[in-house]
Amino acid sequence: MDELLRIDGLQTHIKTSRATVVAVDDVSLTVAAGQTVGIVGESGCGKSMTGLSIMRLLPPGGRIVGGAIALGGRDLTKLSEREMQSVRGRDVAMIFQDPMTSLNPTMTVGDQVAETLLIHRQTPRKEAEERAAEMLNLVGVPRPRERLKSYPHHLSGGLRQRVVIATALACEPKLLVADEPTTALDVTIQNQILALLEDLKSRLNMGLILISHDMGVIAECADQVLVMYAGQVIEVSDASGLFSAMRHPYTQALLESIPDLGTDRNQVLYSIPGQPPDLSAPAEHCRFAPRCRHAQPRCHRERPDLTDDDGHLYACFYPIEGPVPAAHRLPGDAAATPGAAGAAPAAGREPLLVLDHVTREFPIRRGVLQRSSGSVKAVSDVSLSVERGETLGLVGESGCGKSTLARLILALDRPDSGSIQFAGEDLSRLRGQQLRRRRGDLQMVFQDPYASLDPRLRVAPIVREPLASQGTGTRRSQNDRIQALLAEVGLPAQVMDYYPHQFSGGQRQRIALARALSVEPRLVVADEPTSALDVSIQSQVLNLMRRLQREHDLTYVVISHDLAAVRYLADRVGVMYLGKLVEVGPADAIYQRPAHPYTAGLLAAVPAVQVGSRREGPRVTLRGELPSAVDPPSGCRFRTRCPRAQELCSQQEPLLVAHDPAGHRAACHFPLQSPASEPVPA
């Protein structure tokens, strides 16, 4: 394959007011035409800074201090800023992590895609608009000519990411750098975006650098993988060789800390101890040694060089042999303790939470008189129950009604019809002081721990706030309670005087958990509790949630698009689609024997590490876009995207039907499994 990009000994420093951070330290890689090179590692490892160095888009204080970046034989580090401007977008382009912040909210979608052509190719405006429509069509945006006049806020997250890709590809660059292109997206949209990138790469014979902390995405998409730690490359191999015969303990630890659809819920996930090192004063020895379970005295004295083992490179004095088998875990491994995660709640308990035919619609008002012109059907006739001490997982695409249902459960909103019984009391009928007292039993952990913590308050008043609101205890007893809670979530007492910005993402999520537990709730709703965290931090938070559930007899409702995390946490799972509950039942039944085609599509879209080989054949995708909740399809709402849909599906809405005595139910006229778990002919 023709070599497009060669990086030799790249060194990038970022000068701050206090110190100089060695963000990228002696990184080398090559990318060929038609090749995907994956870069994986924790936040702060230097993977994104490597991509920004290629683009010469470093943050203030950032500069390349050594090495070369040759694109088509031309060293980008030697170009002036004016020369580099002609390279960006034309020869090399970048997809940034958050499509909303990388799109201009004041410009239409068409203008933003056409802008690249106007600048780099001096294309006449009319031709540029035609090309913009072609690019939107190429990346799978429905009704592309209509979308040209739309603004970014008019589009869903998946469509915004497609617009970003269209903008990056408008000039058909030789190299595309994709920085976490699917992190904030649903699993189905993630699947579609990854399939799209693979297809476009093949069509345009383009080189692709895929930056991600998701090992499953890297395993499925990358031809070659670089593992980075503390600014350095510590392992390089083809994807198959890396995940089946990894040599560096850090790579092994990353893989081991990730739950997948087959993870044993009776094992505690492995968590990498400690924190990544401070790169303002990088160590001269192995930088992973303080966190490595295989470290020897030599590792704390010397820095290992990359060793070449038949094309498999690794920087380790004491290399390991592939992933750790579950039956051969090292002594002292947290994950080796059987039953540590706790057992499912005993059958036959009284339900703590019961939703009975709950409906919630939001009116759409237009004009000066704000007259109603329709409504958003957010939650439509949902019935389910949650037993004390169990975890119910709610999954589904964005817009399916999960978060609205959570607000109803927490009495932050009221249903239009139906009832929500908590401990035998109808929450929708409570008012004033009665509702305020009941809120102590209902707490929430939000998706973004930074946004949910007041940046003006220190940790102590943040955790004290629910206690003060409920009038619980004296100031002294509250302080004692705060210290005990911080210790429970693994934080020292001195952090009481710190502000949220002084913590990592995982530590902020621990503070959010401490705040939620301060009033001793009975039910905790966790909305995407790990989506904003690195894989190594995710395992710590998941383990913590399981331990707190056992110790406090908590009941969880966990909302997430991470089906592997839900599989690890949940006893039962509910699958929602466009406001409807389409399948519900024990987690084992849902994941091993899905009855609804939508559930099967969600599971098929989950990227997984196939140890020893990459997934063969085309990726399974749910076709089409989620229909509008303002005017949902008649009959079965999933029929417009269902491969098994027939005429009956458009005429009659399916009811939830039992598929086994354990409570597995699905709403489908032509389910994948019959009540006897036998295939039903299409």
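## Two hairpins and a buried proline

Let's start with a pair of facing residues: Val575 has Glu583 in β22 as its bridge partner. Keep in mind that this is a predicted model. From that pair we'll look around strand β21, then visit a second hairpin built from β9 and β10, and finish with Pro181, which sits in a loop.

**Strand β21 and its partners**

- β21 covers residues 572-577, and six of its six residues are buried.
- Which way do the residues of β21 point? Arg572, Gly574 and Met576 point one way, while Val573, Val575 and Tyr577 point the other way.
- That back-and-forth fits a general pattern: in a regular strand, side chains alternate between the two faces of the sheet.
- Here, the residues on both sides of β21 are buried.
- On one side of the pairing story is β22 (residues 580-586), which runs antiparallel to β21 and is joined to it by six bridges.
- β21 and β22 make a hairpin with two residues between them, and Leu578 in that turn has a positive phi of about 50°.
- β21 also pairs with β15 (residues 391-395), this time in the parallel sense, over four bridges.
- If you want to spot that pairing in the structure, look for Leu394, which stands opposite Gly574 in β21.

**The hairpin of β9 and β10**

- How many bridges join β9 to β10? There are six, and the two strands, residues 224-229 and 232-238, run antiparallel.
- One pair to look for is Met228 with its bridge partner in β10, Val233.
- This hairpin has two residues between its strands, and Ala230 takes a positive phi near 55°.
- β10 is mostly covered, with six of its seven residues buried.
- β10 pairs with β12 (residues 312-314) as well, in the antiparallel sense and over two bridges.
- In that pairing, Glu235 has Tyr314 in β12 as its bridge partner.

**Pro181 in its loop**

- Where is Pro181? You'll find this proline in the loop between β7 (175-179) and α8 (187-204).
- Is Pro181 buried or exposed? Its relative accessible area is 2%, and buried means under 20%, so Pro181 counts as buried.
- Setting aside neighbours within four places in sequence, Pro181 is in contact with Ile95, Gln161, Leu197, Leu210 and Ile211.
- Pro181 and Gly396 are 215 residues apart along the chain, and their C-alpha atoms are separated by 20 Å.

Definitions and conventions
Residues are numbered from 1 along each chain as its sequence is written. This is a predicted model: local features need pLDDT of at least 70, side-chain atom pairs count only at pLDDT 80 or more; totals for chains, interfaces and linings use all residues. Side-chain values use heavy atoms; hydrogens and water are left out. Buried means under 20% relative accessible area, exposed over 50%, partly exposed in between (1.4 Å probe, protein chains only). Contact means heavy atoms within 4.5 Å. Two strands pair if DSSP finds at least two bridges between them.
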